[in-house]
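Let's take a walk through this protein together, from the whole chain down to single side chains. Have your viewer ready, and we can begin.

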Amino acid sequence: MAAELVEAMNMVKSFRVSDLQMLLTSMGRSKSGLKQDLVGRALRLVQKEYSPELLLNIRQLYESRFPKAPNWVAARRPEVVPGSYPIHSSQPTSTTIQGTDYLNGIPKPSPSPAAEVKLASLPFYQTLETLLPPTELIPQNGEKLQDSPCAFELTQSQVDQIRNCRELRPGIKSIQVVLRICYTDTSSVQEDQYPPNIAVKVNQSYCHVPGYYPSNKPGVEPRRPCRPVNITPWLHLSTATNRITVTWGNFGKRYCVALYLVRVFTSAELFSQLKHCSVESPERCRERIQDKLRFDPESEIATTGLRVSLICPLVKMRLGVPCRVLTCAHLQCFDAVFFLQMNEKKPTWTCPVCDKPAPFELLTIDGLLSEILKETEDVEEIEYLADGSWRPIREEKEKERSSTPECPLLDICSPEANGHSPAHSSTSQSGRSAPAGTAPAPSAPAGGAVVDLTLDSSSDEEEGGGGGAGDSEDTDDSQDSPPPKKGRYDYDKDLVTAY
């Protein structure tokens, strides 16, 4: 009875959503919900209400999906899962099942050359053990979406390692089981590369796969950072079998998958390694500078100095720990702490100065520039000289600033700045016209004459000062003419310059 119960539960786990719905409907149960809900409901049904009728329904559904299985005994192969790779156990006494057929009767393909695929080493991950070597994902049919299941077991020592390790942050262990996917290519070391439409299910639960990063450039599609997938939170931390299903898009490219037990480092731990193991001495840095500035008789241009900025090109701040790549030709450095933190979040490992590869193994701290940063506090740029010495650029900038002639200040309140004559400065500044009888300006500004358009006829008589006939005629004329309207101008009178 116990063996049949286990066999029935294994068959239920292999059912599709339609099979689960048919089984639950035939037994009077609800068929709504996600697949994992349906699987749990069917398994509880098998455990609590096991009967010959229920076993018959499960067998019929199972044989309708895998018609080539000759009988119940032949179809009982719970350890061989329909997929591209078999069960793998990390225990030294266990063996991998080989030479058997798939559940649907298709013979297993010959061993894939994916075992020769080599994945690139990752600075933040130290491989402790290989749980599943690189194994190719083989499509089972012509559909675009493929499901490739596998299973593996942890040893007791591996379980203890995971349980007893420290936490990087709440819920994240420093020792993890990670899943890595790459192209099936044996010609070179392969970087992590996700297939399209990837989804990873561990023990009937979907685990988190890194999403896409939006691009800030127009017309550029968002990219997904391909990194190992941490499946530790969804594993059975015991010697029980863990089952994984990788859903992937079959669009012509070949992929392989691998499982590793790794130790995860933080950016602070990597910086500690870099500080203790890869520091270039100031003497070696001076030799490098002298080599670059050494006179070359074949060159038409003689370089006498190299300028280096003390501002990090990543964060536009003053360098804290100057770092560069040994294979780069430039002497410009970037900040090691910020560089490691950025690659911890989004691994690119690219030099921010020249955009060339900058692997962690080739990073080095510039000892000479570290000493210069301690000696200078307000300098943003220096120049290396041919003898290996250096000088700050700050002095040159100060000299240029002191040699620049100062421009004279222009007083916008002065009458000359407004185009008025100095003789009428009081009128321009006060905004009122001069009183009647004041002598006019002796000279007008160059290019024009000063005309007082606001004076009336009475002021003209006073300015004349004589009593001739012409004046009397003017007086008679002024008496015949109507007097000017008072209050015609609401604004203060002023002189107007006519050109």
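Of the 499 residues in the protein chain, 35% count as buried. Please keep in mind that this is a predicted model. The chain holds 13 helices and 20 strands. Its exposed surface comes to about 29800 Å², with carbon and sulfur atoms supplying 52% of that area. For a sense of how the chain folds back on itself, take the contacts between residues at least 6 apart in sequence: 68% of them join residues at least 24 apart.

Now zoom in on helix α6, which spans residues 267-277. Which of its residues are buried? They are Ser267, Leu270, Phe271 and Leu274. Looking down the axis of α6, you will find these buried residues within an arc of 100°, so they line one face of the helix. The face turned away from that buried side carries Ala268, His276 and Cys277, which are exposed. And what covers the buried residues of α6? The cover includes strands β12 and β14, helix α8 (336-345) and strand β16 (363-366).

Two of those covering strands, β12 and β14, lead us nicely to the charged side chains. The structure holds 10 salt bridges, and one of them joins glutamate 280 to arginine 324, at 2.6 Å from N to O. This pair ties together distant parts of the chain, since glutamate 280 sits in strand β12 (residues 279-280) and arginine 324 in strand β14 (residues 322-325), 44 residues apart. Are the two partners buried or exposed? Glutamate 280 is buried, at 7% relative accessible area, and arginine 324 is buried too, at 1%. The pair also belongs to a wider arrangement: Glu280, Arg288, Arg324 and Asp366 are linked in a network of salt bridges.

Other salt bridges have different settings. Glutamate 287 pairs with arginine 284, and their closest N and O atoms are 3.8 Å apart. Both residues lie in helix α7 (residues 282-293), with their positions three residues apart in the numbering, about one turn of the helix. Here glutamate 287 is partly exposed, at 43% relative accessible area, and arginine 284 counts as partly exposed as well, at 35%. Aspartate 19 and arginine 16 form another bridge, with 3.4 Å between the closest N and O atoms. In this pair aspartate 19 is buried, at 3% relative accessible area, whereas arginine 16 is partly exposed, at 41%.

Finally, let's turn to the cysteines. How many disulfides does the structure hold? The count is zero. Cysteine 256 is a good place to check this: the nearest cysteine sulfur belongs to cysteine 182 and is 3.4 Å away, so no disulfide is counted, because the two sulfur atoms would have to be within 2.5 Å. Cysteine 256 is buried, with 1% relative accessibility. Cysteine 354 tells a similar story, because its sulfur is 3.5 Å from the closest cysteine sulfur, that of cysteine 328, which is too far for a bond. As for its surroundings, cysteine 354 counts as partly exposed, at 26% relative accessibility.

Methods
Residues are numbered from 1 along each chain as its sequence is written. This is a predicted model: local features need pLDDT of at least 70, side-chain atom pairs count only at pLDDT 80 or more; totals for chains, interfaces and linings use all residues. Side-chain values use heavy atoms; hydrogens and water are left out. Helices (H or I, at least four residues) and strands (E, at least two) are DSSP runs, numbered from the N terminus. Buried means under 20% relative accessible area, exposed over 50%, partly exposed in between (1.4 Å probe, protein chains only). Contact means heavy atoms within 4.5 Å. Accessible areas come from the Shrake-Rupley method with a 1.4 Å probe; for residues, only the protein chains shown count as cover. A salt bridge is a side-chain nitrogen of Lys or Arg within 4 Å of a carboxyl oxygen of Asp or Glu. The arc is that of the directions from the helix axis to the C-beta atoms.
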